[in-house]
Each structure stands twice: as C-alpha cells, then as structure tokens.
Amino acid sequence: MASFAKNGALLSECSFFVIKKIPHNLHIRIFCCTFALDIEKISMKKFFLFACVAAMFAACAPQNEQKSNSFMDLARARFAVREYAQTPVEQAKIDSILEAGRLAPTAKNVQPQHIYVLQSPEAIAKINELTRCAYHAPVVFLVCYDTDLAWTKDGESSGNMDCSIVGTHMMMEATELGLGTCWVKWFEPAEVAAAFNLPANHKPSFLLPCGYAAEGAKPSDHHFSRKPLSETVTYK
Ligand SMILES: Cc1cc2nc3c(=O)[nH]c(=O)nc-3n(C[C@H](O)[C@H](O)[C@H](O)COP(=O)(O)O)c2cc1C
C-alpha cells in the first residue's frame, strides 16, 4: 500500500498486491490493483495505467531463473515411505491424487485403469494380511487395468504401462500434497483380486500405499543410489 503526491494532488490509495501461487509447478501470479486517480490529470492516469499493465506482463513472463518448486524439486523430494502416521488423508487430497491419475496419457487413450481406494479398516486389515508391503498406510490405492480395454499389440498388453503412467502422476501429486507413497509390486495379483472380489477383467498392476509419513521416516539407502547417466544413456 502506497500513497503518491504529485503537483499537490493526492493520488490516493494505490494498492498493489502480488499473490504468488504455485499449483502443479505452474507459476501463476494474480494481481489485484486498485487505483483512485484524479480524473482531471489525464497524463498521470495514462502513466499509471501503462505502468500497471507493464508490471503485470513482466510478472506473468516465464520465471526462467526461478526454479523452486519445479518438477525436478518434487522428483528429488520424493522417496519410498515405509512408515506411516495414522492421520487420515483428507478426501480433497485423495480426490486430487485421483484427478492427477485421470489426466495421464494411455495407449490409444483407452484409459483402461481402474483404481480401488482401500481405506476402510476391513480393507486395510485385509491388504496388510496379503502383503507386508502395504506398510499400514491409512490409504492404499490398488491400481488395476481392464484386460478387455487395454490396447494390445503383438500379443503384448499396454495395461501395466498405462497403469505405471497413471500411478506416477498419482505418486507425484501425493508428494506435492505433502503425502508419502511407496510403489509396491510385492503381492500376488490373483490373491488380491480374489480377496477384494474384483471382476475377472480387472487385473491388479501395483499397490500405492499413501499417507503422512511417520515422524522420523527416512529414505532408504537405495534412494541415494542412482546410476550416472553415462551408464544408462547412449546417444546414437
Ligand atoms: C516397479 C516397482 C516395484 C516396487 N516394489 C516395491 C515393493 O514391493 N516393496 C517396497 O517396499 N518397495 C517397492 N518399490 C520401491 C523401490 O524399492 C524404491 O522406489 C527404490 O528402492 C528407490 O528408492 P526411493 O523410491 O526411496 O527413491 C518398488 C518400486 C517400483 C518402481
């Protein structure tokens, strides 16, 4: 909030608020400008309007040098969480995680994924009996694909690939929302399908336990061990 005096005339109440919000790694700046200008001073009015518009354009330009909260920060912050607090996960956060999955690309866009949200005490007890890798998280996403829908080429279904992209979107959104997750393959798909009475065409792909990390939960040593690109990339 600032006040300006020019030629004895008070150009009052120039409020300029900059609200910076960074959802989904996009920088959005919202400007709320209120000016009460002396109507008779046309040149001053033009000057202030020009300054206001210029400031808005400058602030909306890509923030090339400002990389905080970028996707890379999120990718570095994520780790497999294997100890969870029993704090319930808010429904709005579950909705947001599911929405992130919904936006994922899938082969031929057939969207063969079907996600079971295990969160009732019975479902959570059951999944913890079936695998030691549900880690007693308050929510476990059981990500399946519809074998009738998934695109198949040369006898190979893209169902697991589709689910992996959906799951990666979900995992990263959970990270952004301050939640922990762990990708889990350590379970018998047929046993899980039977235990939860899944339709025959819903094939479990993986589990994604999700919740607030328990106090003191730390990344395992694996998290800090990544091969150099020279071992995993070849330019041709
Ligand atoms: C396809 C896949 C299957 C995995 N299965 C399990 C699992 O069954 N149990 C488990 O505790 N972690 C599992 N993980 C987690 C990995 O062990 C973990 O992501 C890896 O060691 C790297 O550690 P970080 O995620 O903390 O960076 C799995 C990860 C992937 C991608």
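1. In this predicted model, phenylalanine 141 is a convenient place to start, since its contacts reach several separate stretches of the chain: leaving out residues up to four places away in sequence, Phe141 touches Ile115, Val117, Met170, Leu208 and Cys210.

2. Phenylalanine 141 also belongs to the largest nonpolar core, which has 33 residues. Within this core, the residues that touch the most other members are Val139, Val140, Phe141, Leu142, Met170, Leu208 and Cys210. Two or more residues each come from helix 3 (91–102), strand 5 (139–146), helix 5 (159–176) and strand 9 (202–211), and the greatest contribution is that of strand 5, which supplies 7 residues.

3. Helix 3, one of the elements that contribute to the core, contains 12 residues and spans 16 Å from its first C-alpha to its last, which is close to the 16 Å expected at 1.5 Å a residue. Its buried residues are Ile94, Ile97, Ala100 and Gly101; because they cover an arc of only 120° around the axis, they are placed on the same side of helix 3. An α-helix has 3.6 residues a turn, so residues three or four places apart point the same way. The other side of helix 3 carries the exposed residues Gln91, Ala92, Asp95 and Glu99, whereas the cover over the buried residues includes strand 4 (113–118), strand 5 and helix 5.

4. Tryptophan 151 deserves a separate remark. This residue is located in the loop between strand 5 and strand 6 (152–153), and it counts as partly exposed because it has 16 C-beta neighbours inside 10 Å, where burial would require 20 or more. Apart from neighbours within four places in sequence, tryptophan 151 is in contact with Ala107, Lys108, Val110 and Ser158. Its C-alpha is also 8.9 Å from that of threonine 106, although the two residues are 45 places apart in sequence.

5. Which loop holds lysine 108, one of the contacts of tryptophan 151? Lysine 108 lies in the loop between helix 3 and strand 4, and it counts as exposed because it has 12 C-beta neighbours inside 10 Å, a count that falls exactly on the limit, since a residue with 12 or fewer is taken as exposed. Lysine 108 and tryptophan 151 are 43 residues apart in sequence, while their C-alpha atoms are 6.9 Å apart in space.

6. Two backbone angles may be worth checking by eye. Histidine 136, which is not a glycine, has a positive phi of about 55°; this residue sits in the loop between helix 4 (121–130) and strand 5, and it is partly exposed because 17 other C-beta atoms lie within 10 Å. Asparagine 197, likewise a residue other than glycine, has a positive phi near 50°. Its place is in the loop between helix 6 (189–195) and strand 9, and asparagine 197 is exposed because there are 7 other C-beta atoms within 10 Å.

7. Finally, the ligand is surrounded by 13 residues, of which the closest are Phe79, Ala80, Trp186, His222 and His223. By residue class, this shell is made up of 8 nonpolar, 3 polar and 2 charged residues.

Key:
Residues numbered from 1 in each chain as written. Predicted model: local features only at pLDDT ≥ 70, side-chain atom pairs only at ≥ 80, totals over all residues. Near = placed C-beta within 6 Å. Nonpolar A, V, L, I, M, F, W, Y, C, P; charged D, E, K, R; others polar. Core = buried A, V, L, I, M, F, W, Y, C linked by C-beta atoms within 7 Å. Helix = DSSP H or I, 4+ residues; strand = E, 2+ residues; numbered from the N terminus. Contact = placed C-beta atoms within 7 Å. Expected span 1.5 Å × (residues − 1). Arc of directions from axis to C-beta.
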